[in-house]
There are 2 protein chains.
Amino acid sequence: MSAAQETTGGEMEPWEQVTPDAARRLLVAAVEAFAERGYHATTTRDIAGRAGMSPAALYIHYKTKEELLHRISRIGHDKALDILRTAARREGTAAERLADAVSSFVRWHAGRRTTARVVQYELDALGPEARAEIVALRRQVDAEVRGIIEDGVAAGEFDVLDVRGTTLAVLSLCIDVARWFTVNGPRTPEEVGALYADLVLRMVGAG
Amino acid sequence: MSAAQETTGGEMEPWEQVTPDAARRLLVAAVEAFAERGYHATTTRDIAGRAGMSPAALYIHYKTKEELLHRISRIGHDKALDILRTAARREGTAAERLADAVSSFVRWHAGRRTTARVVQYELDALGPEARAEIVALRRQVDAEVRGIIEDGVAAGEFDVLDVRGTTLAVLSLCIDVARWFTVNGPRTPEEVGALYADLVLRMVGAG
DNA sequence: GCCGAAGGTGAGCGGTCGCTTAGCGCGCCT
DNA sequence: AGGCGCGCTAAGCGACCGCTCACCTTCGGC
């Protein structure tokens with residue numbers, strides 16, 4: 001909640017970059033459908049229906065159903081990486097930057113839960129070459145968080161024995177928010193972000 | 001690794017309770033297939049094929065494909081709950097019991113990753129009544145961990161502001177192991193269990 | 001030695017899937 | 001004014017889905 005450690009990161013819905021309008025409507029419809037039922041349980045007829053179009057309209061803007069998932073995953077990972085980079089590269093101590101990174105990353109996973117769910121849990125539905133591209137982005141995500149933790153250790157702020165393992169745990173904690181968070185639940189994304197930032201600072205020995 | 005905080009919990013593959021033999025082979029085949037490709041992407045022909053049988057044989061032992069998932073989910077949740085109960089009800093301080101619970105729970109998610117994956121991530125594929133039964137088991141899982149944390153707070157061992165939120169985070173951290181763990185990775189289930197037990201003790205202010 | 005139950009197979013039914021194709025309406029450019 | 005191309009639809013193709021059915025084999029009990 002403390003205003004000093006908040007990074008707004010601008011727009012959290014990145015779909016406006018998708019044009020034309022019909023292609024964007026199909027993409028948003030696909031995100032909703034994939035998040036609700038999973039990629040394999042979603043039909044192209046359902047996606048087109050949600051976008052107010054006939055089933056064939058989908059293939060004017062996308063070659064296959066998998067290309068839809070690929071585009072969503074790519075845009076979502078770009079956004080996630082952007083959020084972490086913004087937090088990692090601001091000024092402040094390693095503890096402040098880590099708290100900011102966790103807080104904003106968690107807020108995105110909670111607030112944009114449908115997008116995050118598709119991005120984080122439907123990776124296996126991608127073909128080999130598309131998956132490889134996304135995996136490379138995930139490595140950059142990992143490196144960004146590991147960099148903050150290494151900075152904290154080097155500065156004597158953190159007490160961490162296993163940097164790679166702790167990085168994995170921190171990211172894992174944030175990502176799993178997309179699995180359990182519900183808008184009907186008792187917590188706001190901001191509250192979860194603040195709680196998780198505190199828990200992570202304890203994990204690295206800066207609490 | 002410290003032997004004092006290990007709870008073996010006996011057999012970690014609980015499928016031997018399933019009879020007859022053909023029904024068990026089908027169940028194990030379904031676990032593998034669901035874990036690899038997800039419930040909706042798995043065909044009954046694939047399951048029967050892995051078990052060395054014709055597609056029709058599946059319906060001698062199970063009414064539908066969903067009943068297979070239901071049975072797997074039920075047995076898996078029973079096992080997970082059993083692991084946590086064993087740790088929660090042993091003798092020792094709250095810190096010892098929490099470390100034991102996290103360590104054994106994580107070891108199960110890493111060591112029996114295929115089972116854990118189906119149990120933790122295919123819940124939405126169940127119908128309403130089957131899902132309700134499983135959700136009730138999950139509430140018991142949550143209560144078991146929360147009980148240990150409440151004990152630690154009451155005994156002055158832990159420093160936790162938000163008990164429910166911290167419980168959620170602890171379980172979330174453990175469960176997500178099933179998403180990222182690979183047998184090809186650099187860590188053994190025992191190593192991850194020990195690391196995570198340490199991180200969780202830090203989270204509750206007992207590190 | 002025959003019988004019925006239990007456990008298995010091959011073929012296939014109705015339905016739905018991802019995706020394609022032929023053609024239609026409607027703005028835009030000359 | 002007229003033709004052209006873009007965005008879209010209706011219809012449907014071939015494949016594959018979950019599941020069923022008629023039939024076959026094996027085997028213990030009397």
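This is a short chat about how two protein chains meet two DNA strands, and how chain A is divided, in a predicted model.

Colleague: Let's start with DNA strand D. How many residues surround it?

Modeller: There are 16 residues around DNA strand D. The closest are A:Ser54, A:His61, B:Thr43, B:Arg45 and B:Lys65. Sugar and phosphate make up 51% of the strand D atoms that come within 4 Å of the protein.

Colleague: What does A:His61 do there, in terms of atoms?

Modeller: An N or O atom in the side chain of A:His61 sits 2.8 Å from a phosphate oxygen of DNA strand D. B:Tyr59 also has a polar side-chain atom by a phosphate oxygen of DNA strand D, at 2.9 Å.

Colleague: And B:Thr42, is that backbone or side chain?

Modeller: Backbone. A polar backbone atom of B:Thr42 is 3.1 Å from a phosphate oxygen of DNA strand D.

Colleague: Which elements give two or more residues to that surface?

Modeller: Two elements do. They are α3 (58-61) of chain A and α2 (44-50) of chain B.

Colleague: How do the residues near strand D divide by class?

Modeller: Seven are nonpolar, six are polar and three are charged.

Colleague: Switch strands. Which residues are closest to DNA strand C?

Modeller: A:Thr43, A:Thr44, A:Arg45, B:Ser54 and B:His61. In total, 16 residues surround DNA strand C. Here sugar and phosphate account for 51% of the strand C atoms within 4 Å of the protein.

Colleague: Which atom of A:Thr44 lies 2.9 Å from a phosphate oxygen?

Modeller: A backbone N or O atom of A:Thr44 lies at that distance from a phosphate oxygen of DNA strand C. A:Lys65 also places a backbone N or O atom 2.9 Å from a phosphate oxygen of that strand.

Colleague: What about B:Arg45, does it meet a base or a phosphate?

Modeller: A base. A polar side-chain atom of B:Arg45 is 3.4 Å from a base oxygen of DNA strand C.

Colleague: Which elements supply two or more residues on this side?

Modeller: For the surface near DNA strand C, they are α2 (44-50) of chain A and α3 (58-61) of chain B. By class, that surface has seven nonpolar, six polar and three charged residues.

Colleague: New topic. How is chain A divided?

Modeller: Into domain 1, residues 15-62, and domain 2, residues 66-207. The C-alpha centres of these two domains of chain A are 27 Å apart.

Colleague: How many residues are in contact between them?

Modeller: In chain A, 16 residues of domain 1 contact 13 residues of domain 2. Together the two domains bury about 1,300 Å², with 78% of that on carbon and sulfur atoms.

Colleague: Which three residues supply more of the domain 1 area than any other three?

Modeller: A:Trp15, A:Tyr39 and A:Tyr62. They supply 42% of the area that domain 1 of chain A buries against domain 2.

Colleague: How many salt bridges run between the domains?

Modeller: Zero between domain 1 and domain 2 of chain A. There are two residue pairs in polar contact between these domains, both at pLDDT 80 or more.

Colleague: Which element gives the most residues to the domain 1 side?

Modeller: In chain A, α1 (21-37) and α3 each supply at least two residues of the domain 1 side that touches domain 2. α1(A) gives the most, with six residues.

Colleague: And what classes are found on that side?

Modeller: On the side of domain 1 of chain A that touches domain 2, 12 residues are nonpolar, four are polar and none are charged.

Technical notes:
Residues are numbered from 1 along each chain as its sequence is written. Chains are lettered from A and ligands numbered from 1 in the order in which they are written. This is a predicted model: local features need pLDDT of at least 70, side-chain atom pairs count only at pLDDT 80 or more; totals for chains, interfaces and linings use all residues. Side-chain values use heavy atoms; hydrogens and water are left out. A residue is near a molecule or strand if one of its heavy atoms lies within 4 Å of it. A polar contact is a pair of N or O atoms within 3.5 Å; within protein, one must be able to donate a hydrogen and the other to accept it, and residues adjacent in sequence count only if both atoms are side-chain atoms. Helices (H or I, at least four residues) and strands (E, at least two) are DSSP runs, numbered from the N terminus. Ala, Val, Leu, Ile, Met, Phe, Trp, Tyr, Cys and Pro count as nonpolar, Asp, Glu, Lys and Arg as charged, and the others, Gly among them, as polar. Domain bounds come from an automatic or database domain assignment. Contact means heavy atoms within 4.5 Å. Buried area is the accessible area (1.4 Å probe) that two parts lose on being put together, summed over both. A salt bridge is a side-chain nitrogen of Lys or Arg within 4 Å of a carboxyl oxygen of Asp or Glu.
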